[in-house]
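Here are my notes on the structure, as numbered points. Please read them with the coordinates open.

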Amino acid sequence: MQMELHTGIELAVAMVQQQTLPDLLRTATKQLETAFGLTRCWALELDLSGRLLHCSDLADQGEFDCSDFSHPFSHILQTGQPRELTRAASYRLDHPGFQAMFEASDRPRSLWLEPLTGADGRTLGILVMCRDGGDWDGIVGQPLYRGLKELLTLQWVARLQSRDEGWQRRLLKRSLDQLNDSETLRQRSEQLSRTLVGNSLAMNQLRAQIVRAASSQLSVLVQGETGCGKDVVARGIHDMSERSGGPLIIVNCAAIPDTLLESELFGHTKGAFSGADQNKEGLLAQANGGTLFLDEIGDMPMALQSKLLRVLESRQFRPLGASQEQHSDFRLVAATHQPLQQGIENGRFRRDLFYRLSQFPLRIMPLRERPEDLEALSRHFIRLYTEREGGGPQGISSHALHSLARYDFPGNVRELRNVIELACLQTPVGDDIQPELLRLEDPFNVADAGVAAEVEPKALTGVPTSNDIRDLKAAAQAFEAAVIRERLQQYGGNRAQAAESLGLPKRTLAHKCLKYQVSE
């Protein structure tokens, strides 16, 4: 009796010390084998569905589908009662998983299958004990066996609770992380919308991609047509990144002659070549701790492309004429309006450099494919003009927006900005930009854009001739009233049509009719 108590305490301590459920089950089965002379012992865990038993020690064959009621494990779960299974009966059971367990147990003469249940009545799994002799009552009737089984079920429940709590904590943390990530993405995208203006789906996706790119150290390749704002995207990546406190070095590869581009990037020492009368720090060195933006990289000479590839792989470079290499920790953003894939096929761009540059590719949609952004961009440029000049238009009329929407903007956002700023210059302070001020087709047309149609003042009733004018303001108002009166007559008193023909909002025309006492 003392030997049994001593053995039970040792076995109990060994089980309690196990931190995970697999370790607990593995320890418990080994202890039962040793304590009761079993050839093999298995502990099968029942999943939450109550239909699948799992045994981690059987690897690929360790799952048992209990929805098949002919399976002995299913019978045990259904009845909740233990059962002995002989070798002869085991051979007749045509279940691959069970046969794998039977073979792994060295085909014992007898198996004892017993359900294990927690204090709350929940079935935890099945205990399978194997031996070559019978007399299972002599084992399961022992106090040591009953005590170990009870301790096993208690520890089993505790490990399940601990695992569930851990899973819930991980799930909660993951959910909170996702919420935080989503909120951070929303806030930073909203911050970007002040410079990358537009409410289209394409712009919303682009801003989100910029935020994600900025959070990494991957090289970014920005592709888009001329004038679509690749430089604004590059600055957004820099400003949103951990390197925002460092420099943003901008290099236009198309604007620097090929003979000088290498010197500009790598720098040179005094006497490195004719005219190098002093040491010069290159742009690669200046970008240390910040971002290097290589604009129009498709125009970079092939010889320099191979040198740039080496720099990107090692962040090491050697100034012209120097004997020692230097290190620069920079983040690379490159941009091009050229189809680099075509350049690769034509032998003008290195394939390996292309893949090194485009670790995080970004594409900007042309303005013609996102016309819903025209209004927001136009008002943004009007606001910038007004802040810079200290005054300007109040906004832009709906007719002017319709005119913009009918134009393709081959120059993209840059062209739109030029058009809007020219219109701002010609629009009276406080007024809205009208369609006749938008020089879309021919910006060099010097015809007076301030008059929608040529109207000869002498042909208008109530307008004084130039020789009779003594009050310019009154004459201008008389002219405006005469034009409105004639246009209303032309359209039979229809104010909506008259307003549209004059490029005015209907409300503005009504206000002027009241002001000048013009009736239909």
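1. Start with the second largest cavity. Its volume is about 30 Å³. The residues around this cavity are Gly298, Gln338, Pro339, Leu340, Gly343, Arg348 and Phe349. By class, the lining splits into 3 nonpolar, 3 polar and 1 charged. Keep in mind throughout that this is a predicted model.

2. How many cavities of 30 Å³ or more does the count give? The count comes to 2. The largest cavity has a volume of about 40 Å³. Its lining consists of Met15, Ala28, Gln31, Leu32, Leu148, Lys149 and Leu152. Helices H2 and H7 each contribute at least two of the lining residues. The class split for the largest cavity is 5 nonpolar, 1 polar and 1 charged.

3. Helix H2 deserves a check of its own. H2 covers residues 21-36, which makes 16 residues. At 1.5 Å a residue the helix should span 22 Å, and its end C-alpha atoms are 22 Å apart, so the expected and modelled spans agree. Buried positions in H2 include Leu21, Leu24, Leu25, Ala28, Leu32 and Phe36. Polar or charged side chains are on the buried list too, among them Thr27, Thr29, Gln31 and Glu33. In general, an α-helix has 3.6 residues a turn, so residues three or four places apart point the same way. Two of the buried H2 residues, Ala28 and Leu32, also line the largest cavity. After H2 comes glycine 37, with a positive phi near 65°.

4. Glutamate 33 merits a separate look. Is glutamate 33 buried or exposed? Its relative accessibility is 14%, so glutamate 33 counts as buried. Glutamate 33 has a salt-bridge partner in arginine 40, with the closest N and O atoms 3.7 Å apart. The cut-off for a salt bridge is 4 Å. Arginine 40 has a relative accessible area of 21%, and is therefore partly exposed. The line between buried and partly exposed is drawn at 20%.

5. Now the other salt bridges. The whole structure holds 17 of them. In general, side chains of opposite charge can pair when their charged atoms come close. Lysine 512 and glutamate 480 form one such bridge, at 2.9 Å from N to O. This pair links distant parts of the chain: lysine 512 sits in helix H20 (residues 506-516) and glutamate 480 in helix H18 (residues 472-490), 32 residues apart. Lysine 512 is buried, at 18% relative accessible area. Glutamate 480 is partly exposed, at 27%.

6. Glutamate 389 and arginine 388 also form a salt bridge, at 3.2 Å from N to O. Glutamate 389 has a relative accessible area of 46%, so it is partly exposed. Arginine 388 is partly exposed as well, at 45%. Which residues are linked with them in a network of salt bridges? The network joins Arg388, Glu389, Arg417 and Glu421.

7. Turn next to the second largest pocket. About 630 Å³ of space lies in it. Of its 29 lining residues, Thr195, Leu196, Gly229, Asp231 and Val232 are the closest to the centre. Helices H7 (143-192), H9 (230-240), H15 (374-389) and H17 (412-426) each give two or more residues to the lining. Which helix gives the most? H9 does, with 7 residues. By class, the lining has 12 nonpolar, 7 polar and 10 charged residues. Anyone setting up charges for this pocket should look at that split.

8. Glutamine 223 lies in strand E7 (residues 220-223). Its relative accessible area is 13%, so glutamine 223 is buried. Leaving out residues up to four places away in sequence, glutamine 223 touches Lys230, Thr336, Gln338, Leu362, Arg363 and Ile364. One of these contacts, Gln338, also lines the second largest cavity.

9. Last, glycine 133. This residue is in the loop between strand E6 (123-131) and helix H6 (137-140). Glycine 133 is partly exposed, with a relative accessible area of 28%. How far apart in space are glycine 133 and leucine 38? Their C-alpha atoms are 9.3 Å apart, while 95 residues separate them in sequence.

Terms used:
Residues are numbered from 1 along each chain as its sequence is written. This is a predicted model: local features need pLDDT of at least 70, side-chain atom pairs count only at pLDDT 80 or more; totals for chains, interfaces and linings use all residues. Side-chain values use heavy atoms; hydrogens and water are left out. Helices (H or I, at least four residues) and strands (E, at least two) are DSSP runs, numbered from the N terminus. The expected span of a helix is 1.5 Å times one less than its number of residues. Buried means under 20% relative accessible area, exposed over 50%, partly exposed in between (1.4 Å probe, protein chains only). On a 1 Å grid over the protein atoms alone, a cavity is a set of points where a 1.4 Å probe fits but cannot get out, and a pocket is an open set with protein on both sides within 12 Å along at least five of seven lines; lining residues have an atom within 4 Å of a point. Grid points are joined across faces, edges and corners, and a volume is the space filled by probe spheres set on the points. A salt bridge is a side-chain nitrogen of Lys or Arg within 4 Å of a carboxyl oxygen of Asp or Glu. Contact means heavy atoms within 4.5 Å.
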